[in-house]
Amino acid sequence: MNPNLNPSSPGWMRNAEDPGMAGGGAATPAPGQPRIGLALSGGGARGLAHVGVLQVLEEHQIPLAAVAGTSMGAYVGALHASGFNTQDLESLAREIKDRRTLLRLMDPIFPPTTGLIRGMKIRRHLERSLGARTFEELDIPLLIVATDLDTMAAHVFDSGPLGPAVHASAAIPGVCAPVHIDGRRFTDGGAAEPLPVGLLRERFKLDAVIAVNVLPNSQDVLHCKDLAFVPPKVHKNIFIRTVNYLLRPVNLLAHGNVMDTFRRALMCAQLGLAEKECRSADVVIHPFFCESTWFDFENFDRYIRAGRRAAEEALPQIYALLGQSTPNKEYNHENSLLEPSSVGFCAA
(Lines give C-alpha, C1' and ligand atoms only; values in the text may rest on other atoms or scores of the structure.)
Protein backbone atom coordinates (compact mmCIF):
# COMPACT_ATOMS: atom_id res chain seq x y z
CA MET A 1 0.00 0.00 0.00
CA ASN A 2 1.29 3.44 -0.89
CA PRO A 3 0.19 6.80 0.51
CA ASN A 4 -1.64 9.20 -1.75
CA LEU A 5 1.05 11.67 -2.75
CA ASN A 6 -1.37 14.43 -3.71
CA PRO A 7 -0.90 17.15 -1.07
CA SER A 8 -4.34 18.56 -1.88
CA SER A 9 -6.30 15.33 -1.44
CA PRO A 10 -9.81 15.85 -0.05
CA GLY A 11 -9.42 13.49 2.94
CA TRP A 12 -8.89 15.92 5.82
CA MET A 13 -9.72 19.03 3.83
CA ARG A 14 -13.37 18.03 4.24
CA ASN A 15 -12.89 18.41 7.98
CA ALA A 16 -11.45 21.88 7.50
CA GLU A 17 -14.64 22.95 5.73
CA ASP A 18 -17.00 21.37 8.29
CA PRO A 19 -15.99 21.80 11.95
CA GLY A 20 -18.57 19.21 12.90
CA MET A 21 -16.62 16.58 10.97
CA ALA A 22 -13.26 17.15 12.62
CA GLY A 23 -12.91 13.53 13.67
CA GLY A 24 -14.11 11.39 16.56
CA GLY A 25 -12.74 10.63 19.98
CA ALA A 26 -12.46 12.48 23.28
CA ALA A 27 -9.98 14.99 21.85
CA THR A 28 -12.52 16.47 19.42
CA PRO A 29 -13.65 20.02 20.32
CA ALA A 30 -17.29 20.38 21.36
CA PRO A 31 -19.53 22.58 19.20
CA GLY A 32 -18.72 26.22 19.83
CA GLN A 33 -15.43 25.42 21.52
CA PRO A 34 -12.23 26.97 20.08
CA ARG A 35 -10.52 24.73 17.55
CA ILE A 36 -6.87 24.26 18.51
CA GLY A 37 -4.18 22.63 16.37
CA LEU A 38 -0.96 21.09 17.70
CA ALA A 39 2.33 21.26 15.76
CA LEU A 40 5.07 18.84 16.86
CA SER A 41 8.65 19.46 15.76
CA GLY A 42 11.37 17.00 14.86
CA GLY A 43 14.37 16.49 17.11
CA GLY A 44 15.24 12.81 17.50
CA ALA A 45 15.17 11.60 21.10
CA ARG A 46 14.32 15.12 22.25
CA GLY A 47 10.95 14.48 20.58
CA LEU A 48 10.05 12.18 23.49
CA ALA A 49 9.23 15.46 25.26
CA HIS A 50 6.13 15.52 23.05
CA VAL A 51 4.83 12.62 25.15
CA GLY A 52 5.10 14.74 28.33
CA VAL A 53 3.34 17.66 26.64
CA LEU A 54 0.52 15.40 25.46
CA GLN A 55 0.19 13.95 28.96
CA VAL A 56 -0.52 17.41 30.38
CA LEU A 57 -2.97 18.25 27.58
CA GLU A 58 -4.75 14.92 28.12
CA GLU A 59 -4.94 15.38 31.90
CA HIS A 60 -6.48 18.82 31.44
CA GLN A 61 -8.78 17.61 28.66
CA ILE A 62 -7.49 20.21 26.21
CA PRO A 63 -9.30 19.39 22.95
CA LEU A 64 -7.30 19.11 19.73
CA ALA A 65 -8.90 19.67 16.34
CA ALA A 66 -5.84 18.60 14.31
CA VAL A 67 -2.18 17.59 14.67
CA ALA A 68 0.79 18.06 12.34
CA GLY A 69 4.17 16.49 12.96
CA THR A 70 7.65 16.28 11.50
CA SER A 71 10.15 13.45 12.09
CA MET A 72 9.87 12.40 15.75
CA GLY A 73 6.86 14.68 15.99
CA ALA A 74 5.26 12.65 13.21
CA TYR A 75 6.09 9.40 15.07
CA VAL A 76 4.51 10.55 18.34
CA GLY A 77 1.66 12.37 16.59
CA ALA A 78 0.70 9.31 14.52
CA LEU A 79 0.44 7.11 17.61
CA HIS A 80 -1.59 9.69 19.55
CA ALA A 81 -3.93 10.42 16.64
CA SER A 82 -4.43 6.64 16.30
CA GLY A 83 -5.98 6.49 19.76
CA PHE A 84 -2.98 5.66 21.96
CA ASN A 85 -3.32 7.50 25.26
CA THR A 86 -0.28 9.14 26.77
CA GLN A 87 0.40 6.34 29.24
CA ASP A 88 0.56 4.00 26.24
CA LEU A 89 3.05 6.38 24.63
CA GLU A 90 5.22 6.43 27.73
CA SER A 91 5.17 2.62 27.88
CA LEU A 92 6.35 2.48 24.26
CA ALA A 93 9.14 4.96 25.04
CA ARG A 94 10.28 2.79 27.96
CA GLU A 95 10.86 -0.13 25.59
CA ILE A 96 14.12 1.52 24.47
CA LYS A 97 15.66 0.99 27.89
CA ASP A 98 19.33 1.14 26.88
CA ARG A 99 21.67 1.74 23.95
CA ARG A 100 21.84 -1.99 23.20
CA THR A 101 18.06 -2.12 22.66
CA LEU A 102 18.31 0.80 20.26
CA LEU A 103 21.13 -0.88 18.33
CA ARG A 104 18.92 -3.93 17.80
CA LEU A 105 16.60 -1.68 15.78
CA MET A 106 19.42 -0.73 13.42
CA ASP A 107 19.69 -2.43 10.01
CA PRO A 108 23.08 -1.35 8.59
CA ILE A 109 23.71 -0.78 4.91
CA PHE A 110 27.00 -2.05 3.54
CA PRO A 111 28.60 -0.34 1.83
CA PRO A 112 26.88 2.79 3.29
CA THR A 113 26.28 4.51 -0.05
CA THR A 114 22.70 5.76 0.52
CA GLY A 115 22.84 5.93 4.31
CA LEU A 116 24.08 4.09 7.37
CA ILE A 117 20.81 2.22 8.03
CA ARG A 118 17.68 1.33 6.07
CA GLY A 119 15.22 2.20 8.84
CA MET A 120 12.96 -0.77 8.08
CA LYS A 121 13.38 -2.29 11.56
CA ILE A 122 12.29 0.99 13.15
CA ARG A 123 9.31 1.14 10.79
CA ARG A 124 8.30 -2.43 11.67
CA HIS A 125 8.63 -1.51 15.34
CA LEU A 126 6.16 1.34 14.78
CA GLU A 127 3.82 -0.79 12.67
CA ARG A 128 3.71 -3.36 15.45
CA SER A 129 1.62 -0.73 17.25
CA LEU A 130 -0.11 0.93 14.29
CA GLY A 131 -0.71 -2.16 12.18
CA ALA A 132 -1.96 -1.16 8.73
CA ARG A 133 -3.82 1.87 10.03
CA THR A 134 -4.46 4.69 7.58
CA PHE A 135 -4.93 8.44 7.91
CA GLU A 136 -8.62 8.00 7.18
CA GLU A 137 -9.05 5.82 10.30
CA LEU A 138 -7.52 8.26 12.80
CA ASP A 139 -9.30 9.73 15.81
CA ILE A 140 -7.77 13.17 15.13
CA PRO A 141 -6.90 14.64 11.70
CA LEU A 142 -3.16 14.33 11.14
CA LEU A 143 -0.64 15.80 8.71
CA ILE A 144 2.87 14.33 8.36
CA VAL A 145 5.68 16.28 6.70
CA ALA A 146 8.57 14.72 4.78
CA THR A 147 11.08 16.21 2.35
CA ASP A 148 10.81 15.21 -1.31
CA LEU A 149 14.39 14.85 -2.58
CA ASP A 150 13.27 15.01 -6.20
CA THR A 151 11.31 18.28 -5.93
CA MET A 152 13.48 19.55 -3.04
CA ALA A 153 10.39 20.74 -1.18
CA ALA A 154 8.26 19.76 1.79
CA HIS A 155 5.70 17.06 1.06
CA VAL A 156 2.54 16.54 3.12
CA PHE A 157 1.15 13.07 3.70
CA ASP A 158 -2.54 13.16 4.67
CA SER A 159 -4.02 9.92 3.30
CA GLY A 160 -3.13 6.27 2.89
CA PRO A 161 -1.16 4.10 5.34
CA LEU A 162 0.64 5.76 8.24
CA GLY A 163 3.73 3.54 8.45
CA PRO A 164 5.44 4.63 5.20
CA ALA A 165 4.61 8.29 5.84
CA VAL A 166 6.17 8.28 9.31
CA HIS A 167 9.18 6.35 7.99
CA ALA A 168 9.71 8.97 5.29
CA SER A 169 9.28 11.87 7.71
CA ALA A 170 11.78 10.44 10.22
CA ALA A 171 14.51 9.27 7.80
CA ILE A 172 17.42 11.35 9.14
CA PRO A 173 19.51 12.54 6.15
CA GLY A 174 22.83 10.72 5.87
CA VAL A 175 21.93 8.31 8.67
CA CYS A 176 18.84 6.69 7.12
CA ALA A 177 18.52 5.77 3.46
CA PRO A 178 15.87 7.76 1.56
CA VAL A 179 12.41 6.18 1.59
CA HIS A 180 11.07 5.30 -1.87
CA ILE A 181 7.31 5.75 -2.35
CA ASP A 182 5.66 5.67 -5.78
CA GLY A 183 8.99 6.24 -7.53
CA ARG A 184 9.94 9.26 -5.44
CA ARG A 185 12.57 9.63 -2.72
CA PHE A 186 11.77 11.08 0.68
CA THR A 187 13.87 12.04 3.67
CA ASP A 188 13.41 13.72 7.06
CA GLY A 189 10.74 16.42 7.02
CA GLY A 190 12.92 18.54 9.29
CA ALA A 191 15.10 19.43 6.31
CA ALA A 192 12.23 21.43 4.78
CA GLU A 193 9.68 22.12 7.54
CA PRO A 194 10.85 21.24 11.07
CA LEU A 195 7.82 22.76 12.86
CA PRO A 196 4.61 22.73 10.73
CA VAL A 197 2.65 25.62 12.28
CA GLY A 198 1.79 27.36 9.01
CA LEU A 199 0.74 24.07 7.46
CA LEU A 200 -1.91 23.55 10.16
CA ARG A 201 -3.32 27.00 9.57
CA GLU A 202 -3.43 26.47 5.80
CA ARG A 203 -5.18 23.10 5.96
CA PHE A 204 -7.70 23.58 8.78
CA LYS A 205 -10.03 26.24 10.10
CA LEU A 206 -8.38 26.74 13.48
CA ASP A 207 -8.75 29.38 16.15
CA ALA A 208 -5.26 28.83 17.53
CA VAL A 209 -2.12 26.72 17.15
CA ILE A 210 0.09 25.37 19.93
CA ALA A 211 3.64 24.65 18.77
CA VAL A 212 5.92 22.22 20.60
CA ASN A 213 9.50 22.97 19.59
CA VAL A 214 12.13 20.58 21.00
CA LEU A 215 14.89 21.97 18.79
CA PRO A 216 17.33 24.44 20.38
CA ASN A 217 16.76 28.08 19.55
CA SER A 218 19.50 30.66 19.13
CA GLN A 219 19.44 31.56 22.82
CA ASP A 220 19.80 27.89 23.80
CA VAL A 221 22.87 27.50 21.63
CA LEU A 222 24.49 30.54 23.25
CA HIS A 223 23.53 29.41 26.74
CA CYS A 224 24.52 25.76 26.34
CA LYS A 225 27.56 26.46 24.16
CA ASP A 226 28.67 23.09 22.73
CA LEU A 227 26.60 21.01 25.17
CA ALA A 228 23.67 21.01 22.73
CA PHE A 229 25.91 18.91 20.45
CA VAL A 230 27.72 16.87 23.05
CA PRO A 231 31.28 15.84 22.09
CA PRO A 232 32.16 12.26 23.04
CA LYS A 233 33.31 11.75 26.61
CA VAL A 234 36.73 10.21 27.15
CA HIS A 235 36.11 6.66 28.32
CA LYS A 236 37.84 5.52 31.50
CA ASN A 237 38.64 2.11 30.07
CA ILE A 238 41.98 2.37 28.26
CA PHE A 239 41.10 -0.49 25.89
CA ILE A 240 37.86 1.22 24.78
CA ARG A 241 39.70 4.55 24.44
CA THR A 242 42.26 2.86 22.19
CA VAL A 243 39.59 1.19 20.03
CA ASN A 244 37.70 4.50 19.66
CA TYR A 245 40.94 6.24 18.69
CA LEU A 246 41.75 3.63 16.04
CA LEU A 247 38.22 3.66 14.60
CA ARG A 248 37.89 7.43 14.49
CA PRO A 249 39.32 7.84 10.93
CA VAL A 250 36.59 5.53 9.55
CA ASN A 251 33.77 6.45 11.97
CA LEU A 252 31.67 8.92 9.98
CA LEU A 253 29.66 9.83 13.09
CA ALA A 254 32.69 10.72 15.22
CA HIS A 255 32.90 14.23 16.64
CA GLY A 256 34.26 16.56 13.95
CA ASN A 257 33.94 14.01 11.14
CA VAL A 258 31.78 14.32 8.05
CA MET A 259 28.39 13.33 9.57
CA ASP A 260 28.92 15.60 12.57
CA THR A 261 29.70 18.49 10.22
CA PHE A 262 26.70 17.66 8.02
CA ARG A 263 24.39 17.44 11.04
CA ARG A 264 25.49 20.82 12.36
CA ALA A 265 25.05 22.46 8.95
CA LEU A 266 21.54 21.00 8.62
CA MET A 267 20.71 22.11 12.17
CA CYS A 268 21.63 25.71 11.25
CA ALA A 269 18.89 25.73 8.63
CA GLN A 270 16.40 23.93 10.87
CA LEU A 271 16.81 26.37 13.75
CA GLY A 272 16.02 29.35 11.54
CA LEU A 273 12.96 27.67 10.01
CA ALA A 274 11.65 26.54 13.41
CA GLU A 275 12.06 29.99 14.96
CA LYS A 276 10.15 31.54 12.07
CA GLU A 277 7.29 29.07 12.58
CA CYS A 278 7.30 29.75 16.32
CA ARG A 279 6.52 33.39 15.68
CA SER A 280 3.25 32.45 13.96
CA ALA A 281 2.07 30.16 16.79
CA ASP A 282 -0.28 31.33 19.54
CA VAL A 283 1.53 29.37 22.25
CA VAL A 284 5.03 27.91 22.04
CA ILE A 285 6.04 25.09 24.37
CA HIS A 286 9.81 24.71 24.36
CA PRO A 287 11.06 21.73 26.43
CA PHE A 288 14.75 21.98 25.65
CA PHE A 289 17.76 21.62 27.91
CA CYS A 290 21.50 21.21 27.51
CA GLU A 291 23.41 17.97 27.03
CA SER A 292 20.94 16.22 24.76
CA THR A 293 21.49 14.24 21.58
CA TRP A 294 19.20 12.95 18.86
CA PHE A 295 19.93 9.28 19.69
CA ASP A 296 19.58 9.55 23.49
CA PHE A 297 16.38 7.43 23.62
CA GLU A 298 17.36 5.48 26.76
CA ASN A 299 16.96 8.70 28.80
CA PHE A 300 13.25 8.84 27.97
CA ASP A 301 12.27 9.87 31.52
CA ARG A 302 14.38 13.01 31.27
CA TYR A 303 12.72 14.15 28.07
CA ILE A 304 9.17 13.26 29.11
CA ARG A 305 9.58 15.18 32.39
CA ALA A 306 10.93 18.18 30.47
CA GLY A 307 7.86 18.08 28.21
CA ARG A 308 5.53 17.93 31.21
CA ARG A 309 7.21 20.85 32.93
CA ALA A 310 7.15 23.08 29.84
CA ALA A 311 3.49 22.22 29.14
CA GLU A 312 2.48 22.93 32.74
CA GLU A 313 4.18 26.33 32.50
CA ALA A 314 2.15 27.01 29.34
CA LEU A 315 -1.24 26.09 30.86
CA PRO A 316 -2.27 29.71 31.64
CA GLN A 317 -1.73 30.64 27.99
CA ILE A 318 -3.52 27.49 26.78
CA TYR A 319 -6.54 28.09 29.01
CA ALA A 320 -6.62 31.67 27.77
CA LEU A 321 -7.06 30.29 24.24
CA LEU A 322 -10.13 28.45 25.54
CA GLY A 323 -11.44 31.56 27.29
CA GLN A 324 -11.00 29.93 30.70
CA SER A 325 -8.90 30.57 33.78
CA THR A 326 -6.29 28.04 34.85
CA PRO A 327 -7.61 25.62 37.50
CA ASN A 328 -5.85 25.80 40.85
CA LYS A 329 -3.56 22.78 40.99
CA GLU A 330 -0.15 22.00 42.41
CA TYR A 331 2.27 20.57 39.90
CA ASN A 332 5.12 18.21 40.59
CA HIS A 333 8.10 19.73 38.79
CA GLU A 334 10.32 16.66 39.14
CA ASN A 335 12.58 17.95 36.41
CA SER A 336 13.27 21.30 38.06
CA LEU A 337 17.01 20.57 38.12
CA LEU A 338 17.14 20.26 34.35
CA GLU A 339 18.40 23.03 32.14
CA PRO A 340 15.77 25.70 31.39
CA SER A 341 12.66 24.99 29.37
CA SER A 342 10.65 27.97 28.20
CA VAL A 343 7.21 29.04 27.15
CA GLY A 344 6.22 31.84 24.78
CA PHE A 345 7.72 32.85 21.48
CA CYS A 346 11.01 31.66 20.05
CA ALA A 347 13.88 34.10 19.89
CA ALA A 348 14.14 36.18 16.76
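This tour moves from the whole chain to a buried helix, a histidine beside it in the listing of contacts, and a set of salt bridges.

**The whole chain**

Begin with the entire model, which is predicted. Its secondary structure comes to 12 helices and nine strands. Of the 348 residues in the chain, 53% count as buried. The exposed surface of the chain is about 15,900 Å², and carbon and sulfur atoms supply 57% of that area. Among contacts between residues at least 6 apart in sequence, 78% join residues at least 24 apart.

**Helix H3**

Next, select residues 72-81, which form helix H3. Are the residues of this helix buried or exposed? Met 72, Gly 73, Ala 74, Tyr 75 and Val 76 are buried, and so are Gly 77, Ala 78, Leu 79, His 80 and Ala 81. Because 10 of the 10 residues of H3 are buried, the helix is largely enclosed by the rest of the structure. Gly 83 follows H3, and its phi is positive, near 110°.

**His 50 in helix H2**

Now select residues 49-59, helix H2, and find His 50 within that helix. The relative accessibility of His 50 is 0%; since buried means under 20%, His 50 counts as buried. Which backbone oxygen does the side chain of His 50 reach? The answer is the backbone oxygen of Ser 41, at 2.8 Å.

Display the residues around His 50 as well. Leaving aside neighbours within four places in sequence, His 50 is in contact with Leu 40 and Ser 41, with Met 72, Gly 73 and Val 76, and with Val 212 and Val 214. Met 72, Gly 73 and Val 76 have already appeared on this tour, as buried residues of H3.

**From helix H2 to helix H12**

The count of salt bridges comes to 12. For one of them, stay in H2 and select Glu 59 together with Arg 308. Their side chains meet in a salt bridge, at 2.8 Å from N to O. This pair links distant parts of the chain: Glu 59 belongs to helix H2 and Arg 308 to helix H12 (residues 300-321), 249 residues apart. Glu 59 is partly exposed, with a relative accessible area of 39%.

**Strands E3 and E6**

Move to Arg 184 and Asp 148, which form a salt bridge whose closest N and O atoms are 2.5 Å apart. Which strands does this pair link? Arg 184 lies in strand E6 (residues 184-188) and Asp 148 in strand E3 (residues 142-148), and the two residues are 36 apart in the chain. Arg 184 counts as partly exposed at 26% relative accessibility, whereas Asp 148, at 1%, counts as buried.

Then select Asp 150 and Arg 185, whose side chains meet in a salt bridge at 3.2 Å, N to O. Here too distant parts of the chain are linked: Asp 150 is in the loop between E3 and strand E4 (153-157), while Arg 185 is in strand E6, 35 residues apart. Asp 150 counts as partly exposed at 43% relative accessibility, and Arg 185 counts as partly exposed at 33%.

**A final selection**

To finish, select Glu 59, Arg 308 and Glu 312 together: salt bridges that share partners join these residues into one network.

Key
Residues numbered from 1 in each chain as written. Predicted model: local features only at pLDDT ≥ 70, side-chain atom pairs only at ≥ 80, totals over all residues. Heavy atoms only, no water. Buried < 20%, exposed > 50% of the residue type's maximum accessible area, 1.4 Å probe, protein only. Helix = DSSP H or I, 4+ residues; strand = E, 2+ residues; numbered from the N terminus. Contact = heavy atoms within 4.5 Å. Areas by Shrake-Rupley, 256 points an atom, 1.4 Å probe, with all protein chains shown as cover. Polar contact = N/O pair within 3.5 Å; in protein donor to acceptor, adjacent residues only side chain to side chain. Salt bridge = Lys/Arg side-chain N within 4 Å of Asp/Glu carboxyl O.
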